[in-house]
Structure formats: structure tokens, C-alpha cells
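Subject: A structure for you to look through

Hello,

I am passing on a structure that I would like you to look through before we next talk. Please open it alongside this message, and read the notes below with the chain in view.

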Amino acid sequence: MSKVEFRVNPSPEEIKLLVDSAISSEALLTIFAHCRVYYDGRAKSELGSGDRVIIVKPDGSFLIHQSKKREPVNWQPPGSVVHVELREKPVLVSVRRKPPETLEVELEEVYLITVFHAEDYEELALTGSEAEMAELIFEQPEVIEPGFKPLYREKPVKHGIVDVLGVDREGNIVVLELKRRRADLHAVSQLKRYVETLKEEHGNVRGILVAPSLTSGARKLLEKEGLEFRKLQPPKGGKKSRGKQLRLF
């Protein structure tokens, strides 16, 4: 079997043949077409005629893209069942059972249809993530300051989840808010909220924003609120080991 099958300006019969082939063989189906779209489910909608890209994935995901923007204009989630019907024009039908939703695409003119028998068994491995920043801090707590001891990772508190919770050399509770990119005002507000929550029960609490850099507004707000900043670049991958979490309270 060829990795890729395609037809340019296919007939309705060729469209049905290729769609059926893609679905039965769990291949990736892509259609470049002039089409109309009808949705019936939690609401009803209609999208008039236009040139679009239609993607049907082996897991049932059904995406309709216009020539602008990143998000699909219409879509169905994994688990949907797709088939094609030959009416006056070929119609792609995607049905989701719970909740009941139907998406129909009337193919007024198909420019190109492809069936790609893709093989991909890899999982995305993130590097330079906030989780890896936390790993680094547990392995080398001195990157925050001498005497710092990380105790908890992703510690739930009343208004959210603290990325890393620890104590300094004097026994003060320290809240770390980690950002893998340039930190902004929102990051400072998060940190302030966590610090104020913990102060209600534990008195003196320090808050440190950990990121590669800060916006000028974030720096000013940190100074105003008595919070701190540590510059730290996310690691670029490598062997990971989960830091041991100790009990604080």
C-alpha cells in the first residue's frame, strides 16, 4: 500500500472511494474543497460556501479550517464517527453521540483529496518546561539561594496551586512561582495571592518569582508588594529525577 493516495478534481465516486478507504484503514484524510457546513447539536449553525481545508483523523477528530486563524471554524472531537453520503453533492457527515451532535459538509467542489497512511508512535517530550525548572530546583536548591530547602511541588492552597513550596535557612516559608518565559503582571498577581493565603496561617511568608526575565511592569509590582525575583533559565532537557518531597505542615 502506498503511503499517500490522492486525486485532483475527483469525481463523487472517487471521493467516496477515498473517504471510505481512509476511514477503514485508519488513515489521515485531507480535503481541499469549496463547501458549505451545517451543524446541529447544542445549537444550530450554518457556514456559507467557501474554500476550506477539511481534516479527518483516525481517532475521529474532524476539523474544518478557513484560510485565516489557527483554530478550526467547525470541529468534532475524537470519538466521532465519519462517513460520506452521495446526495446531489457528496456530503461528509460526522456524528458525535454524547452529547448528540452532527456536522455535515456539503462538498460543492473538491480540488484535492489525500489519504495519508501515517505512522507516528512518539509522545511529545517537553524541554525547558516549568516542570523541569522545578526538577532543577529540587536537585540544586542553591539556584534560588544558599540554604533554601524545597519541600513540596504543586502544593494546593486556597486560591490555586503553588509551583514549589519550601523554607529558607531561617525557617521562613517560601513560595516559588515558576515561569518558563518572561514573567508579566499576571505572574506577580498569582504569587501575591498565594503568599497572602499562606500568611493567614503561617505568619512570615516570602514570595519569589522565578523566570528567565521580567517585564518592567512586573518588576515594579514585585518591588511594591515586597516580593522577590530570581533569574533562572529553563533547563534544555536531560535526565530527570523527581525530587523528594518532605513534610512542612
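What follows is a short account of what was found, going from the whole chain to single residues.

Please keep in mind from the start that this is a predicted model. The chain has 4 helices and 13 strands, and its C-alpha trace spans about 80 × 40 × 35 Å along the principal axes. A compact globule of 249 residues would have a radius of gyration near 18 Å, whereas the chain has 26 Å. Buried residues make up 42% of the 249 residues, and the accessible surface comes to about 14,700 Å², with 50% of that surface belonging to carbon and sulfur atoms. If you count contacts between residues at least 6 apart in sequence, 55% of them join residues at least 24 apart. As for charge, there are 40 positive and 39 negative side chains, and the centres of these two sets lie 7 Å apart.

The interior comes next. In soluble globular proteins, nonpolar side chains tend to be buried together. Here the largest nonpolar core holds 25 residues, and the members that touch the most others are Ile-31, Ile-54, Phe-62, Leu-92, Val-105 and Leu-107. Helix α1 (12-24) supplies at least two residues of this core, and so does each of the strands β2 (28-40), β3 (44-56), β4 (62-65), β6 (81-86) and β8 (101-116). There is also a second, separate core of 22 residues, which includes Val-188, Leu-191, Tyr-194 and Val-205. To see how one residue of the largest core is surrounded, you could select Leu-107 and, leaving out residues up to four places away in sequence, look for the residues that it touches, among them Ile-15, Ile-31, Cys-35, Ile-54, Pro-90 and Leu-92.

Helix α1 offers a useful comparison of two residues. Leu-18 lies in this helix, and it counts as buried because its relative accessibility of 4% falls under the 20% cut-off. Beyond its neighbours within four places in sequence, Leu-18 is in contact with Glu-5, Arg-7, Ile-113 and Val-115. Ser-21 also lies in helix α1, but Ser-21 is partly exposed, with a relative accessible area of 22%. The C-alpha atoms of Ser-21 and Glu-5 are separated by 9.8 Å, although the two residues are 16 apart along the chain.

Another residue to find is His-117, in the loop between β8 and α2 (130-139). His-117 counts as buried at 10% relative accessibility, and its C-alpha lies 8.0 Å from that of Ala-22, although 95 residues separate the two in sequence.

Finally, some details of the backbone deserve a careful look. Most residues other than glycine have a negative phi, and most peptide bonds are trans. Asn-9, in the loop between β1 (4-8) and α1, has a positive phi of about 50° although it is not a glycine, and at 51% relative accessibility it counts as exposed. Glu-154, which is found in strand β9 (residues 149-157), has a positive phi of about 55° and counts as exposed at 58% relative accessibility. The peptide bond that joins Lys-98 and Pro-99 is cis, with omega about -10°, and Pro-99 is found in the loop between β7 (90-96) and β8.

With best wishes

Methods: Residues numbered from 1 in each chain as written. Predicted model: local features only at pLDDT ≥ 70, side-chain atom pairs only at ≥ 80, totals over all residues. Heavy atoms only, no water. Rg over C-alpha atoms; globule rule 2.2 N^0.38 Å. Buried < 20%, exposed > 50% of the residue type's maximum accessible area, 1.4 Å probe, protein only. Contact = heavy atoms within 4.5 Å. Areas by Shrake-Rupley, 256 points an atom, 1.4 Å probe, with all protein chains shown as cover. Lys, Arg positive; Asp, Glu negative; His and termini not counted. Charge placed at Lys NZ, Arg CZ, Asp CG, Glu CD. Core = buried A, V, L, I, M, F, W, Y, C linked by side-chain atoms within 4.5 Å.
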